[in-house]
Amino acid sequence: MAQIYLASPFFSDEQVARIEKIEAALTQNPTVKDFFSPRKNEDTDQEAYTKPWATAIYQIDVANIEAAEVMVAIIDFEGEYVDSGTAFEIGYAVQKGMPVIVFHEKTGTVNLMIGESLHAYLKTPDEVAQYDFHRMPTIEYDGKFI
């Protein structure tokens with residue numbers, strides 16, 4: 001079973017609703033051992049939005065990327081731009097040689113750097129709930145790139 005890091009923006013109600021759907025899908029998936037969702041793990045003793053808080057959150061997130069076997073990344077574009085934190089997490093995973101499963105519920109184009117580096121491209125929560133994290137089938141992105 002797979003240990004997963006869930007990368008996603010969670011700055012708006014729409015984004016939180018989307019990540020909650022994927023958290024539920026991962027919980028239902030029998031090939032998922034566990035997953036780390038940063039939005040649920042921001043507790044530190046530091047005052048929010050200060051330098052010590054940022055350092056603590058960064059260290060927690062990086063440690064959990066290091067511990068993961070697979071990354072599931074929700075790309076949630078604002079215009080043509082993916083969240084910079086999510087893009088960093090994807091790049092970190094790719095550099096480590098970790099497979100990245102991209103979930104892209106919104107329609108539109110995908111940045112070529114993400115589209116070419118992903119292992120699988122999923123568009124519905126059901127696809128995430130049914131994805132086999134043991135066999136890890138490759139599902140290429142075949143849409144338009146930016």
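These are my notebook entries on aromatic pairs, nonpolar cores and a strand crossover in a predicted model.

**Entry 1: aromatic pairs**

I began with the rings and found that the structure holds 8 aromatic pairs. I looked up Tyr121 and Tyr141, whose ring centres are 4.7 Å apart and whose planes stand at 65°, so I noted this pair as edge-to-face, since planes over 60 degrees apart count that way. Tyr121 belongs to strand E5 (residues 120-122), while Tyr141 sits in the segment after helix H5 (125-130), so the pair ties together parts that are 20 residues apart in sequence. I also checked whether these two residues are buried or exposed, and both Tyr121 and Tyr141 turned out to be buried.

Next I turned to Tyr131 and Phe133, which form an edge-to-face pair with 4.9 Å from centre to centre and 70° between the planes. With a relative accessibility of 4%, Tyr131 counts as buried, and Phe133, at 5%, counts as buried too, because the cut-off for being buried is under 20%. I then noted that Tyr58, Phe88 and Tyr92 are linked into a cluster by ring pairs.

**Entry 2: nonpolar cores**

Which residues have the most contacts inside the largest nonpolar core? I found that this core has 21 residues, and that the ones with the most contacts inside it are Ile4, Ile22, Leu26, Val72, Ile101 and Phe133. Two or more residues of this core come from each of strand E1 (2-7), helix H1 (13-28), strand E2 (32-36), strand E3 (70-74), strand E4 (100-103), E5 and H5. The element that gives the most to the core is H1, with 4 residues.

I followed Ile101 further, leaving aside its neighbours within four places in sequence, and found it in contact with Val70, Met71, Val72, Ala73, His119, Ala120, Leu122, Tyr131, Phe133 and Met136. Both rings of the Tyr131 and Phe133 pair therefore belong to residues that are in contact with Ile101. Apart from the largest core lies another one, of 19 residues, and I wrote down Tyr5, Ala7, Phe36 and Ala93 as being among them.

**Entry 3: strands E1 and E2**

Last, I looked at how E1 and E2 pair, and I found that they do so in the parallel sense over 4 bridges. Ile4, which I had already listed among the residues with the most contacts in the largest core, has Phe35 in E2 as its bridge partner. I traced the chain from E1 through H1 to E2, and I noted that this β-α-β crossover is right-handed.

Notes
Residues are numbered from 1 along each chain as its sequence is written. This is a predicted model: local features need pLDDT of at least 70, side-chain atom pairs count only at pLDDT 80 or more; totals for chains, interfaces and linings use all residues. Side-chain values use heavy atoms; hydrogens and water are left out. Rings of Phe, Tyr and Trp (its six-membered ring) pair if their centres lie within 6.5 Å; planes under 30 degrees apart count as stacked, over 60 as edge-to-face and the rest as tilted. Buried means under 20% relative accessible area, exposed over 50%, partly exposed in between (1.4 Å probe, protein chains only). A nonpolar core is a set of buried Ala, Val, Leu, Ile, Met, Phe, Trp, Tyr and Cys residues joined through side-chain atoms within 4.5 Å. Contact means heavy atoms within 4.5 Å. Two strands pair if DSSP finds at least two bridges between them. A crossover is right-handed if, with the strands pointing away from the viewer, the path from the first strand over the helix to the second runs clockwise.
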